Amino acid sequence: MELAYKLDSYGKPAWIALTVLGFMAWWPLGLAILAFTIGSGRMGCGGRRGFARWQEEGGEAFRNAFGRWGRGMPSSGNRAFDEYRQETLRRLEEEQSDFRGFLDRLRQAKDKAEFDQFMAERRRPAPPQPDAPADGAIGN
């Protein structure tokens with residue numbers, strides 16, 4: 001990991017150079033380096049974690065980049081279908097928001113349980129250690 005920290009200090013150009021060199025040496029090595037750099041977020045936008053940000057934000061970044069789905073889409077020419085599409089997309093966005101809230105509550109409950117367990121373990125008195133011999137001799 002020292003190599004990763006050193007390359008991080010040089011920035012994206014170092015990672016790109018390492019990837020190109022990896023492909024030149026042996027294509028599976030270059031592919032592995034490329035997968036690592038993208039997956040770890042080193043080639044991501046805004047210095048955030050890689051693919052995980054799309055899951056966490058539920059596609060918010062995608063919608064912000066490409067506009068809201070269903071709003072700004074050209075009309076199909078069928079007004080009933082356009083209304084159905086807009087209502088379905090609104091309902092899906094609402095369900096997505098509810099699900100994101102559920103996941104947040106679930107994470108918070110898990111964090112609280114782990115913290116409570118840590119505190120309970122910390123409060124427990126340490127088990128008594130057997131006394132060492134007084135003369136300093138080590139027993140067999």
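**Exercise 1.** In this predicted model, decide whether Lys110 counts as buried or exposed, and then work out how Lys110 is placed relative to Glu114.

*Solution.* Lys110 has a relative accessibility of 54% and therefore counts as exposed, since the cut-off for that class is over 50%. Glu114, with a relative accessible area of 43%, is partly exposed. Both residues belong to helix α6, where they stand four residues apart, about one turn of the helix. Their side chains meet in a salt bridge, at 4.0 Å from N to O.

**Exercise 2.** Find which residue forms a salt bridge with Lys112, and which one meets Arg107 in a salt bridge.

*Solution.* Take Lys112 to begin with: its partner is Asp116, and the closest N and O atoms are 3.0 Å apart. Asp116 is partly exposed at 37% relative accessibility, and the two residues lie four residues apart in helix α6. For Arg107 the partner is Asp104, at 3.3 Å from N to O; these two are three residues apart in α6 (residues 79-123), again about one turn of the helix. Arg107 has a relative accessible area of 45% and Asp104 a relative accessibility of 42%, so each is partly exposed.

**Exercise 3.** Check whether the length of helix α3 agrees or disagrees with the expected span, and state where its buried residues lie around the axis.

*Solution.* The 13 residues of α3 (residues 27-39), at 1.5 Å a residue, should span 18 Å, and the end C-alpha atoms are indeed 18 Å apart, which agrees. Gly30, Ile33 and Thr37 are buried in this helix. Because they cover an arc of only 65 degrees around the axis, they fall on the same side of α3. The buried residues of α3 pack against α2 (12-25).

Notes: Residues are numbered from 1 along each chain as its sequence is written. This is a predicted model: local features need pLDDT of at least 70, side-chain atom pairs count only at pLDDT 80 or more; totals for chains, interfaces and linings use all residues. Side-chain values use heavy atoms; hydrogens and water are left out. The expected span of a helix is 1.5 Å times one less than its number of residues. Buried means under 20% relative accessible area, exposed over 50%, partly exposed in between (1.4 Å probe, protein chains only). The arc is that of the directions from the helix axis to the C-beta atoms. Contact means heavy atoms within 4.5 Å.
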